[in-house]
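Trainee: Could you walk me through reading a model like this one? I'd like to go feature by feature.

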Amino acid sequence: MNARTARASAATLPAHDRAALVASARKVIGIEARGIEELATRIDGDFSRACGLILACPGRVVVSGMGKSGHIARKIAATLASTGTPSFFVHPGEASHGDIGMITSHDVVLLLSNSGETEEVLTILPFLKRQGNALIAMTGNPVSTLARDADAHLDASVSTEACPLGLAPTASTTAALVLGDALAIALLEARGFTADDFARSHPAGALGRRLLKISDVMHTGDAIPSVRSDATLTEALMEMSRKGLGMTAIVDDADVLQGVFTDGDLRRSLDDHGVDLRATAVSSAMSRHPKVIGPDKLAAEAAQLMEAFKIHALLVVDAGRHVVGALNIHDLLRARVV
């Protein structure tokens, strides 16, 4: 039977077989949903104690688990890390062979084991105890070795696995995943973690690009094109060439903006055949009321301003109109804001 025939066969299953598959799926979802509902009733003092241990932690949260619990542990570590709680995953088997050196005494360790008796996890427990790590256990067995030895125990037990054989971790891994999400979000809210903070940890994502500030993409310091108001057109042209932004700021001795000189201003000056580039002050050819933007504005606002006024570069000024930065359309393109 080739692949096409197999697909056609699957698509023409008898009605009673299709109904049985749908019923099985709905049963699994129902079992797992009930497991999550039961989980909510066990969010208690141990949960807040676990949050307190993490909030007081000067190091990171190290998450570990074996097998299916290890897969869930990896996801919990990733969620914590992206929501303001520095975290990473350590494989318990590898930890016994040297990777435990990644865990410092300043770290909180979150150990996942549905039985609470997983050998690889219990093997590293004495080391963590000797090192003085705060320990949080997430198990499905509140009377297990791991639960008893932890400073806080998160009960992820379920009354029934969705697997009809009672063997494959299904409802129990869903409960652990949800409990990990609850922990991460409770910590996020306790820290006052914002959308801006989230964007900083996701710089390549769409949200990160939307929330980029002008200060994140602008040129600063010596990279800002700038000349004094008594500079000549030649000096302004040289500054524009050195900095490569197609313009230069004209400032006074206090770096307060007086105007801007752009490629367009240069072309207009050259159209005046009598102009002496070496003798003419740039202040006589500059634009005295340039469009500017503040460093705390969104980079997307700079794109909107450039588009609205058909310009390709902007100076960045503070509240006192001191020039603190500069950017052009290429900077926005590199940041994928436009």
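Mentor: Let's go from the overall picture to single residues. Keep in mind that this is a predicted model.

Trainee: Fine. How many helices and strands does the protein have?

Mentor: There are 15 helices and 11 strands. Of the 338 residues, 40% count as buried. The accessible surface comes to about 17700 Å², and 55% of that belongs to carbon and sulfur atoms.

Trainee: And how do I read the contacts along the chain? What share of those between residues at least 6 apart join residues at least 24 apart?

Mentor: Here that share is 63%.

Trainee: Let's take one helix. What span does α8 reach from its first C-alpha to its last?

Mentor: You set the span beside the one expected at 1.5 Å a residue. Helix α8 covers residues 171–191, 21 residues in total, and reaches 30 Å, close to the 30 Å expected. After α8 comes G192, which has a positive phi, near 70°.

Trainee: Which elements do the buried residues of α8 pack against?

Mentor: Those residues include A171, A175, L179, L183 and L187. The buried residues of α8 pack against helices α2 (15–40), α3 (45–55) and α4 (67–82), along with strands β3 (108–113), β4 (134–139) and β5 (152–155).

Trainee: Now a single residue. Is D331 buried or exposed?

Mentor: Relative accessible area settles that, with buried meaning under 20%. D331 has 6%, so the residue is buried. D331 sits in helix α15, residues 329–334.

Trainee: Which residues does D331 touch, beyond those up to four places away in sequence?

Mentor: V217, H219 and L245. With H219 there is also a polar contact between the two side chains, at 2.9 Å.

Trainee: Why does V292 count as partly exposed?

Mentor: Partly exposed covers the range between the 20% and 50% cut-offs. V292 has 23% relative accessibility, so it falls in that class. V292 belongs to strand β9, residues 292–293.

Trainee: What does V292 contact outside its neighbours within four places in sequence?

Mentor: L257, L305, L314, L315, V317 and R321. Look at L315: it lies 23 residues from V292 along the chain, yet their C-alpha atoms are separated by 5.1 Å.

Trainee: Last topic, rings. How do I describe an aromatic pair?

Mentor: You give the distance of the centres and the angle of the planes. In this structure, the count of aromatic pairs is zero. For a charge over a ring, though, look at K291: its charged end sits over the ring of F309, 4.1 Å from the ring's centre.

Notes: Residues are numbered from 1 along each chain as its sequence is written. This is a predicted model: local features need pLDDT of at least 70, side-chain atom pairs count only at pLDDT 80 or more; totals for chains, interfaces and linings use all residues. Side-chain values use heavy atoms; hydrogens and water are left out. Helices (H or I, at least four residues) and strands (E, at least two) are DSSP runs, numbered from the N terminus. Buried means under 20% relative accessible area, exposed over 50%, partly exposed in between (1.4 Å probe, protein chains only). A polar contact is a pair of N or O atoms within 3.5 Å; within protein, one must be able to donate a hydrogen and the other to accept it, and residues adjacent in sequence count only if both atoms are side-chain atoms. Contact means heavy atoms within 4.5 Å. Rings of Phe, Tyr and Trp (its six-membered ring) pair if their centres lie within 6.5 Å; planes under 30 degrees apart count as stacked, over 60 as edge-to-face and the rest as tilted. A charge sits over a ring if NZ of Lys or CZ of Arg is within 6 Å of the ring centre and within 35 degrees of the ring normal. Accessible areas come from the Shrake-Rupley method with a 1.4 Å probe; for residues, only the protein chains shown count as cover. The expected span of a helix is 1.5 Å times one less than its number of residues.
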